[in-house]
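Dear colleague,

I am passing this structure on to you, and I would be glad if you could look it over before reading my notes. What I found in it is set out below the display.

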Amino acid sequence: MTVPHLNEHHARILREIFAHPVARNLEWPDVLGLMEHLGSVQQRHDGKYQIHIGTAQTIIERPRHKDFELTELLRLRTFLKQAGYDAAGSQPSPGQSNTSSGSRTVVAVDHHRARFFELATDGVHLVERDHLEPVDPHGFERHLEHRKEADYKGERVPEADEYYERIAQRLKGAGTILLAGDATGKSSAMRYLEHHLQEKHVDIWHHVVGTENVDLSSVTLPRLQELNERYKQTS
């Protein structure tokens, strides 16, 4: 694939995407312009944007505010690495792999259980490998409580981090990760897991290719299979 020439503006945006610490003033039009320059961008019926660069693809959401949000920025950084780009705009030589080792792991997570699905031996269909549950030695049914920390002020979140830490440990070594769960409301376990990975396991978070809002009380394996198919080019 021919590497598009980067003008000064596009090169600056690419550097800011990979900046450490994470850039806080990236604006959506600038990022969108870079993606259109490197590949193709298509807005889906649900308002999300599907981006293709070579054989890699991802789906991101437009920021609700002026600046690009941290969650989408980290996902975009991972996608660009998979497409072969770094802060300097370089790509791997022909034949060099640009994807992570390992296979896809789909995590269906709520406050009561995290289920881990991986590809079967046929390389196509998902199978459930194992699951984790929060520790609840007192039988309080994993009740929630208010936290006072600034990051979660006014939100209802799980009372302990041990559950999410065990999920993170289970995901070590995964090639790419797709999170599925209830993304709405102040007590979303999936959103809390996102925060936990971003703050304590950035190396794992970089392997997350997408998050999908689903009702786990009624979700079926074919539905998870369908969601996984949306991201099959990023495995």
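The notes that follow go from the whole chain to its parts.

Please keep in mind that this is a predicted model, in which the protein averages a pLDDT of 77 and 78% of the residues score at least 70. Confidence is highest in strand β4 (residues 104–109), at a mean of 92, and lowest in strand β7 (residues 144–146), at 41. Two stretches call for caution: over residues 92–102 the pLDDT is below 50, and beyond near neighbours in sequence that stretch has 13 contacts in the model, while over residues 137–159 the value also stays under 50, with 43 contacts beyond four places in sequence. Where pLDDT is low, the predicted coordinates should not be read in detail.

As for the protein as a whole, there are seven helices and 10 strands, and of its 235 residues 44% count as buried. Among contacts between residues at least 6 apart in sequence, 61% join residues at least 24 apart. The accessible surface comes to about 12,200 Å², and carbon and sulfur atoms account for 49% of that.

The strands β1, β2 and β3 are a good place to start. Strand β1 (residues 40–43) runs antiparallel to β2 and is joined to it by four bridges, with serine 40 standing opposite histidine 52 in β2. Five residues lie between the strands of this hairpin, where glycine 47 takes a positive phi near 90°. β2 is in turn joined to β3 by five bridges, and these two also run antiparallel; here tyrosine 49 has isoleucine 60 in β3 as its bridge partner. The hairpin of β2 and β3 has two residues between the strands, and glycine 54 takes a positive phi near 65° in it. Four of the five residues of β2 are buried, so the strand is largely enclosed by the rest of the structure.

β2 also contributes to the largest nonpolar core, since the elements that give two or more residues to this core are α1 (8–17), α2 (28–38), β2 (49–53), β3 and α3. α2 gives the most to this core, with six residues. Of the 26 residues in the core, Ile17, Met35, Ile53, Leu76 and Leu80 touch the most other members. The surroundings of leucine 80 can be listed: not counting residues up to four places away in sequence, leucine 80 touches Leu14, Ile17, Phe18, Met35, Leu38, Ile53 and Tyr85. Apart from the largest core lies another core, of 23 residues, among them Leu74, Ala114, Ala183 and Leu193.

Phenylalanine 68 deserves a separate look. This residue is found in the loop between β3 (56–60) and α3 (70–82), and at 5% relative accessibility, against a cut-off of under 20%, phenylalanine 68 counts as buried. Leaving aside residues up to four places away in sequence, phenylalanine 68 touches Leu26, Glu27, Trp28, Val31, Ile60, Pro63, Leu73 and Leu76. Phenylalanine 68 and isoleucine 17 are 51 residues apart in sequence, and their C-alpha atoms are 9.8 Å apart in space.

Further along the chain, β5 and β6 run antiparallel and are joined by six bridges, with leucine 126 in β6 as the bridge partner of leucine 119. The two strands form a hairpin with six residues between them, and glycine 123 in the turn has a positive phi of about 75°.

Two helices remain to be described. In helix α4 (residues 162–171) the buried residues are Tyr163, Tyr164, Ile167, Ala168 and Leu171; they cover an arc of only 140° around the axis, which puts them on the same side of α4. Just after α4, glycine 173 takes a positive phi of about 90°. In helix α7 (residues 221–230) the buried residues are Leu224, Gln225, Leu227 and Asn228, and seen down the axis of α7 they fall within an arc of 160°, so they line one face of the helix. What do the buried residues of α7 pack against? Their partners are β4, β5 (114–119), β6 (126–132), β9 (176–181) and β10 (208–213).

With best regards

Notes: Residues are numbered from 1 along each chain as its sequence is written. This is a predicted model: local features need pLDDT of at least 70, side-chain atom pairs count only at pLDDT 80 or more; totals for chains, interfaces and linings use all residues. Side-chain values use heavy atoms; hydrogens and water are left out. pLDDT is the predictor's confidence in each residue, from 0 to 100. Contact means heavy atoms within 4.5 Å. Buried means under 20% relative accessible area, exposed over 50%, partly exposed in between (1.4 Å probe, protein chains only). The arc is that of the directions from the helix axis to the C-beta atoms. A nonpolar core is a set of buried Ala, Val, Leu, Ile, Met, Phe, Trp, Tyr and Cys residues joined through side-chain atoms within 4.5 Å. Accessible areas come from the Shrake-Rupley method with a 1.4 Å probe; for residues, only the protein chains shown count as cover. Two strands pair if DSSP finds at least two bridges between them.
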